[in-house]
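Work through these exercises with the model open beside you. Try each task before you read its solution.

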Amino acid sequence: MKALDITVSPAPHCHSGARITGVSYNFILALIPAMAMGAYYYGFDAIRVIAASIASAMIAEALIQSVLRRPITIADGSAAVSGLLLALILPASVPLYLVVVANFIGIIVAKQCFGGLGANPLNPALVGWAVIRITKAWAGYLDFDLALINYETGFILQYPLAVLKAEGPAGIAHFGLMDLFLGKQAGGIGSSAILCLLVGGIYLVLRGTIRWEIPASFLLGVVVIAGIFWLRNSSNYASPIFHILAGNVMIGAFFLSTDNATSPVNRWGMVAFGFCCGAMTVVLRAWSVYPDGVIFACLLMSLFVPLLDKMKKKQLLPPAVSPVTPQAISESAEVRSAS
Amino acid sequence: MGLRSFFGILPPKLYYKDVSAPIEALPVPEKITLLWYRRTHSDLAVRVGTKVETGQDLARNGRGPFVSTVTGRVEEASTFLGVDSREYLAVQIRADQKDSFDPSVTSVAGLSETQPQTLRTGVNRAGFTALRSIIRDPRVWPTVDCLIISALDLDPFSIVNQQTFRDNPEQVEAAIELLARTTEASQCVLAVPDNLADIASKVSTGAATVAMVPPVYPNGLPEILAKKYGAGLLMKTYDAGFAGNTVVVSLEHALAMVNSLQSGRPMLEKTVTLSNGQDGKLRNFRVRIGTPVGEILKRASVEVQPKGKLILNGIMRGYSCFSDEQPITATTESVHVQSPSEVFFFQNTQCTNCGKCNSICPVDLEVNILGRLSEYGIFNKCRGLGVENCIECGLCAYVCPARRPLVHFMTLAKQGIKTVTDEPANMEEALACTACGPSCPAIRLFDFDTESDKEDSPKV
Ligand code: SF4
Ligand code: SF4
């Protein structure tokens with residue numbers, strides 16, 4: 001046959017048009033309201049942290065990829081997203097060198113050393129945050145009560161979860177639930193803008209960028225476990241609504257735990273993952289030394305992802321083949337002639 | 001091909017086309033090519049230069065049937081290496097315009113009282129029909145729990161069976177009756193796409209129940225029909241025998257089979273849908289089996305542009321050919337032409353673990369893991385995850401945002417399992433498979449610069 005100058009490739013011969021960049025840009029788009037809220041309350045400081053964080057994450061990725069002689073993939077936007085997420089859970093006053101260090105550790109150690117996008121077992125933004133949090137000299141910068149002391153925002157600049165830890169449910173009575181919902185609470189640049197995050201999260205779910213099972217079961221986990229605590233002893237533990245509206249739960253449910261690489265992909269695995277994240281969040285809030293537990297819960301559960309992904313019906317091997325032997329032929333002929 | 005909606009929470013839906021296009025008959029071409037899978041010269045009863053008649057069995061005694069679809073002279077018989085590293089045979093016949101039928105081919109007398117085994121022998125001899133691959137020896141016949149006659153097509157861009165149903169609703173009953181007897185199936189189903197409900201309501205179907213099937217890909221694939229509307233498992237033949245409990249026959253093949261048994265003539269013609277990306281128009285053509293696809297393109301004045309693509313058997317499961325001399329076979333359903341701008345290139349990126357492929361896979365495989373395992377040649381683990389159940393529907397690769405060639409990986413894994421029995425020791429051999437088909441001149445899997453390898457494409 002005469003070959004024409006045409007293209008040959010394996011099936012299928014068309015594509016839905018989805019791209020990795022689409023995923024990243026949707027994330028950024030969904031986070032714009034939360035960013036705007038942070039910029040509105042904390043002004044230039046917030047913009048400074050966000051810009052520095054995105055830039056340093058992208059620089060870190062480009063740098064390590066050029067050192068390792070791998071293709072440079074900062075254009076896919078995944079580094080920008082993880083830089084942005086890190087910025088949104090930090091207070092606006094955090095020194096820039098910390099932002100840069102956290103991003104470099106997150107991107108280089110937690111992401112690229114494991115093989116880059118999709119192969120990282122832990123979310124780079126969360127690893128960066130955790131490094132600051134557990135380093136003694138730096139942990140103070142993440143104490144929202146101290147960090148936000150110089151800002152004038154028009155609402156009480158006390159970190160609700162820290163108050164809960166120190167004084168119990170009696171102390172949080174002056175936080176209006178509506179204020180919390182509208183984002184009038186001390187916290188990270190974007191992580192306290194609950195309403196904005198909810199809108200962005202629902203947008204992501206509808207676009208199919210994140211899988212709805214994870215946020216839904218995350219919130220369910222928080223409500224169920226906090227509800228159990230609360231019903232048993234409401235003078236010691238806060239109500240489930242408060243747990244959902246305060247701290248990082250909303251950003252955790254929709255943006256941190258749903259990171260593709262560090263969450264399961266099979267339905268029941270996702271449900272178990274989300275529920276355990278939510279449950280662990282409440283447990284850490286109630287019993288650990290840290291006021292909030294979302295990030296540690298996400299990090300911890302990410303380690304169980306390979307295991308959780310095994311929660312799936314086992315695939316069968318192909319069926320046994322009945323052979324065509326001379327014996328089978330004569331047998332079936334006998335059967336047929338007899339009937 | 002903007003088939004994706006803005007809201008991605010639901011998986012994208014590929015609808016079968018709901019259009020009617022009259023079937024245009026093409027004259028017998030000057031030259032036809034008949035393909036015979038896994039055979040060599042020694043299986044042939046004819047030589048170059050032999051004169052053959054329409055319907056004549058070209059196979060050496062007992063190895064056939066391998067039926068000539070035209071009257072003419074054998075011009076060339078060549079072998080080539082096929083998909084599974086086995087030899088395939090291509091016989092070219094220069095055709096006369098007038099058919100003279102082989103007198104040894106006669107109809108089965110008294111169809112209505114014939115024994116199933118006689119019917120199966122008739123079907124077997126008729127050559128190119130769907131059941132033939134199962135009826136290797138008409139005396140051995142598996143128990144068939146369910147027979148499905150499908151008026152659905154295999155690809156979103158094919159309307160062959162739909163059109164057959166629109167054109168010949170009155171013949172359906174006879175086909176059901178005869179096929180039910182031939183297969184000795186305990187249950188019969190006529191699968192009809194939802195959009196043809198009004199025709200289906202007028203058709204008398206005899207013993208068969210009618211299943212209305214939503215016209216969404218991959219519902220028309222035999223494996224899916226067997227799973228959803230049949231007894232569960234599509235019947236397939238393997239080297240050693242067969243497995244499964246449901247037989248699926250396309251409506252076109254079913255009618256052709258009835259025709260064959262009544263007239264004694266084998267299936268000589270095949271209807272194919274021609275579509276192209278530019279105007280999206282679908283046209284149906286009826287051609288002799290063995291007609292080069294170029295003839296159809298010429299008749300429809302459709303041209304394959306340089307660097308464009310010529311796809312046989314559909315955009316989802318089909319294969320792209322490198323030559324317009326590729327013949328239409330009894331199972332060719334459609335011809336699709338893409339312009340260079342529509343050609344889609346897979347990318348050599350790693351999986352981002354987004355899970356889109358898992359959630360869309362109709363047989364519920366862990367495609368993300370399988371893709372990675374197959375890429376690195378760990379085929380034994382692929383087997384444990386059930387890669388052999390993959391029906392190559394193409395949906396995983398269709399939705400993958402990383403644009404990985406997932407179907408290719410699945411095929412590779414299946415091929416690898418056959419070649420490599422344990423750890424990847426025989427990796428080289430497995431990777432040297434020719435799973436991308438007999439027609440690949442240069443593996444343009446990725447968007448590499450392939451200018452230089454144009455010259456050394458293999459000649460078939
Ligand atoms: S081609 Fe992909 S989606 Fe289709 S059955 Fe195979 S693995 Fe599943
Ligand atoms: S769709 Fe592609 S990127 Fe997503 S999990 Fe499947 S193989 Fe990986």
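## Exercise 1: A salt bridge in chain B

Asp99(B) counts as partly exposed, at 21% relative accessibility. Here buried means under 20% relative accessible area, exposed over 50%, and partly exposed in between (1.4 Å probe, protein chains only). Before going on, note that this is a predicted model: local features need pLDDT of at least 70, side-chain atom pairs count only at pLDDT 80 or more, and totals for chains, interfaces and linings use all residues. Residues are numbered from 1 along each chain as its sequence is written, chains are lettered from A and ligands numbered from 1 in the order in which they are written, and side-chain values use heavy atoms, with hydrogens and water left out.

**Task.** Find the residue whose side chain meets that of Asp99(B) in a salt bridge.

**Solution.**
- Step 1. Apply the rule: a salt bridge is a side-chain nitrogen of Lys or Arg within 4 Å of a carboxyl oxygen of Asp or Glu.
- Step 2. The partner is Arg288(B), at 2.5 Å from N to O.
- Step 3. Locate both. Asp99(B) sits in the loop between strand 6 and helix 1 of chain B, and Arg288(B) in strand 15 (residues 282-288) of chain B, so the pair ties together parts that are 189 residues apart in sequence. Helices (H or I, at least four residues) and strands (E, at least two) are DSSP runs, numbered from the N terminus.
- Step 4. Check burial. Arg288(B) is buried, at 11% relative accessibility.

## Exercise 2: More salt bridges

**Task.** How many salt bridges are there over all chains? Then examine the pairs of Arg267(A) and Asp96(B).

**Solution.**
- Step 1. The count over all chains is 20 salt bridges.
- Step 2. Arg267(A) pairs with Glu213(A); their closest N and O atoms are 2.7 Å apart. Arg267(A) belongs to helix 14 (residues 267-287) of chain A and Glu213(A) to helix 11 (residues 213-232) of chain A, so the bridge ties together parts 54 residues apart in sequence.
- Step 3. Compare the two ends. Arg267(A) is partly exposed at 47%, whereas Glu213(A) is buried at 5%.
- Step 4. Asp96(B) bridges to Lys51(B), with the closest N and O atoms 3.6 Å apart. This pair links distant parts of the chain, 45 residues apart: Asp96(B) is in the loop between strand 6 (87-95) and helix 1 (116-125) of chain B, and Lys51(B) is in strand 4 (residues 51-52) of chain B.
- Step 5. Asp96(B) is partly exposed at 35%. Lys51(B) is partly exposed at 46%.
- Step 6. Add a network: salt bridges link Glu24(B), Arg283(B) and Arg299(B).

## Exercise 3: The largest cavity

**Task.** How many cavities of 30 Å³ or more does a search of the whole structure find, and what lines the largest cavity?

**Solution.**
- Step 1. Set the terms. On a 1 Å grid over the protein atoms alone, a cavity is a set of points where a 1.4 Å probe fits but cannot get out; lining residues have an atom within 4 Å of a point. Grid points are joined across faces, edges and corners, and a volume is the space filled by probe spheres set on the points.
- Step 2. The search finds 6 cavities. The largest cavity holds about 290 Å³.
- Step 3. It is lined by 19 residues, and Ser78(A), Val81(A), Leu117(A), Asp259(A) and Asn260(A) are closest to its centre.
- Step 4. Helix 1 (20-42) and helix 3 (78-88) of chain A each supply at least two lining residues.
- Step 5. Sort the lining: 9 nonpolar, 8 polar and 2 charged. Ala, Val, Leu, Ile, Met, Phe, Trp, Tyr, Cys and Pro count as nonpolar, Asp, Glu, Lys and Arg as charged, and the others, Gly among them, as polar.

## Exercise 4: Backbone exceptions

**Task.** Where are Pro12(A), Pro218(B) and Arg69(A) found?

**Solution.**
- Step 1. Recall the background: most residues other than glycine have a negative phi, and most peptide bonds are trans.
- Step 2. Ala11(A) and Pro12(A) share a cis peptide bond, with omega about -5 degrees. Pro12(A) is in the segment before helix 1 of chain A.
- Step 3. The bond from Tyr217(B) to Pro218(B) is also cis, with omega near 5 degrees. Pro218(B) lies in the loop between strand 10 (216-217) and helix 5 (222-229) of chain B.
- Step 4. Arg69(A) has a positive phi, near 55 degrees. Arg69(A) is in the loop between helix 2 (44-67) and helix 3 of chain A, and is exposed at 77%.

Technical notes
1 Å grid on protein atoms, 1.4 Å probe; cavity = no way out; pocket = protein on both sides within 12 Å on 5 of 7 lines; lining within 4 Å.
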